[in-house]
Amino acid sequence: MTDAVPGEVLVMGAGTVGFFIGGSLAAAGVPVTFVGRPRVLRGLAQQGLALSDLEGAAHRLPAQALRLSESVPAGAKPSLVLLAVKSGATAEAAAALAAVLPPDTPVLSLQNGISNSSVATTAGPGLKVLPGMVPYNIAEIGPGAFHRGTAGRLAAQDDPALRPWLPVFARAGVPLELHADLLPMQWGKLLLNLNNPVNALSGLPLRAQLMQRGYRRCFAALIDEALGVLSRAGITPAQVAAVPASTLPKILRLPDWLFRIVAARMLKIDAQARSSMADDLALGRRTEIDAFCGEVVRLARQHGMTAPRNGAMVALLMADAPARLSPEALSVALGI
Ligand SMILES: NC(=O)c1ccc[n+]([C@@H]2O[C@H](COP(=O)([O-])OP(=O)(O)OC[C@H]3O[C@@H](n4cnc5c(N)ncnc54)[C@H](OP(=O)(O)O)[C@@H]3O)[C@@H](O)[C@H]2O)c1
């Protein structure tokens, strides 16, 4: 450990995000413990960890260099925890952390959605939970191999506990920016995540789904509804994509031939890439729909409004066995 490293890191929820961010820090010399499921850790214990990104960086961490654990190790005193479970697992993970870690341990939530840090604070009293935002897409491209496929900088709520880590994250190739108020960044990202349920219900890879105007119109309608709710709530979402959120629906509604030209950058996606919600649906797992469309519905309610399209999306994804829907059928289901 070099002098510049403020301490140890514990990744809670070793998966796509946890292995990529935690692995990047480990490759930069930070002592990192990965807490994850036995089925996941077994693979890593055999083949080690491989990290890559679209700018061409690549790291390999041999299996013997990885500290893997099936639970939060007794007596652990990490200087920073990275919370990287999916939203539905937040409360349980926070309770497990609080049961072992010293009070006031900083926990940076790297999760999508808006409420994970408050859920973790409630379930893990004593933890100092800080919201974060991962703007880019990370995918497991092979056993133990994780790839960052889009650009961007990590963001987090400003806090003295995070400041000493900034040079370390930068050196590790995962630069972190601190914001006095993270909420606009979180909502900016959430608006982009509204395509995840559209993608999941299409049954198509992302690129093929985005090339169909009917599906893009559904995505645009969900964004428009969310923007109306945000406006009433006095929240201006930050720009997380190449274009401002307010412009995105107009671009999404363009005819296919024009969209292909205007959104060339957005369409630079691996032909097989799917949203992780599509993977969750395919595997019969709980999705994060409540943390995406569900947040729009809740914010609308808080401000005396309704968000029927996002509400319909929640209902579709919460169904016992959600059916794949054509663009026309999805438009009808969303009332477009
Ligand atoms: N992947 C991306 O590109 C990306 C980008 C930005 C943000 N995010 C967000 O980051 C969060 C994590 O996503 P992900 O794709 O990294 O999820 P993931 O690959 O499913 O990784 C999470 C891992 O944590 C495990 N886990 C859950 N509860 C645990 C516990 N109590 N103890 C130990 N392990 C536990 C999960 O196991 P089980 O499956 O058994 O629960 C899973 O293996 C989500 O909120 C997601 O929306 C993802």
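Two strands count as paired here when DSSP finds at least two bridges between them. Keep that in mind for the sheet close-ups below, and note that the model is predicted.

**View 1. The smaller set of strands: β4, β3, β10 and β9 in an open sheet.**
This sheet has 4 strands, lined up in the order β4-β3-β10-β9, and their pairing is mixed. The edges belong to β4 (58-61) and β9 (138-142), and each has a single partner strand, so one side of each has no neighbour in the sheet. On average, neighbouring strands of this sheet are turned by 20 degrees against each other, direction ignored.

**View 2. Zooming in on β3 and β10, a parallel pair.**
Strand β3 (residues 49-53) runs parallel to strand β10 (residues 145-148), and 4 bridges link the two. For one bridge to look at, find S52: its partner in β10 is H147. Helix α1 packs on this sheet, where it touches β3, β4, β9 and β10. The directions of α1 and β3 make an angle of about 90 degrees.

**View 3. The open sheet of 8 strands.**
Reading across, the order is β5-β2-β1-β6-β7-β8-β11-β12, again with mixed pairing. β5 (67-69) and β12 (176-179) are the edge strands, each of them pairing on one side only. From one strand to the next, the twist averages 25 degrees.

**View 4. The β2 and β5 pair, with α1 lying across.**
Strand β2 (residues 32-35) pairs with β5 in the parallel sense, over 3 bridges. At one spot to check, V35 sits opposite S69 of β5. Helix α1 turns up here as well: it lies across β1 (9-12), β2, β5, β6 (80-83) and β11 (154-157). Relative to β2, α1 runs at about 160 degrees.

**View 5. The ligand and the residues around it.**
There are 24 residues around the ligand, and V17, R37, N112, I138 and E288 come nearest. Sorted by class, this shell has 12 nonpolar, 7 polar and 5 charged residues. Two helices, α1 (16-27) and α2 (38-47), supply at least two residues each to the shell.

**View 6. Polar contacts at oxygen atoms of the ligand, made by T16, N112 and I138.**
Which part of I138 reaches an oxygen atom of the ligand, backbone or side chain? The backbone does: one of its N or O atoms lies 2.7 Å from a ligand oxygen. With N112 the side chain takes part, as an N or O atom there is 2.8 Å from an oxygen atom of the ligand. T16 also uses its side chain, placing a polar atom 3.0 Å from a ligand oxygen. On its own, the ligand has 890 Å² of accessible area, and the protein covers 87% of that.

**View 7. Helix α14 packed against helix α15.**
Two packed helices are described by the angle between their axes and the distance between the axes. For α14 (residues 308-318) and α15 (residues 327-334), the angle is about 115 degrees and the axes are 8 Å apart. On the α14 side, the contact is made by R309, A312, M313 and L316. L330, A333 and L334 make it from α15. By class, that comes to 6 nonpolar residues, no polar ones and 1 charged.

Conventions:
Residues numbered from 1 in each chain as written. Predicted model: local features only at pLDDT ≥ 70, side-chain atom pairs only at ≥ 80, totals over all residues. Heavy atoms only, no water. Near = heavy atom within 4 Å. Polar contact = N/O pair within 3.5 Å; in protein donor to acceptor, adjacent residues only side chain to side chain. Areas by Shrake-Rupley, 256 points an atom, 1.4 Å probe, with all protein chains shown as cover. Nonpolar A, V, L, I, M, F, W, Y, C, P; charged D, E, K, R; others polar. Axes fitted to C-alpha atoms, helices over the stretch in contact; angles between N-to-C directions. Contact = heavy atoms within 4.5 Å.
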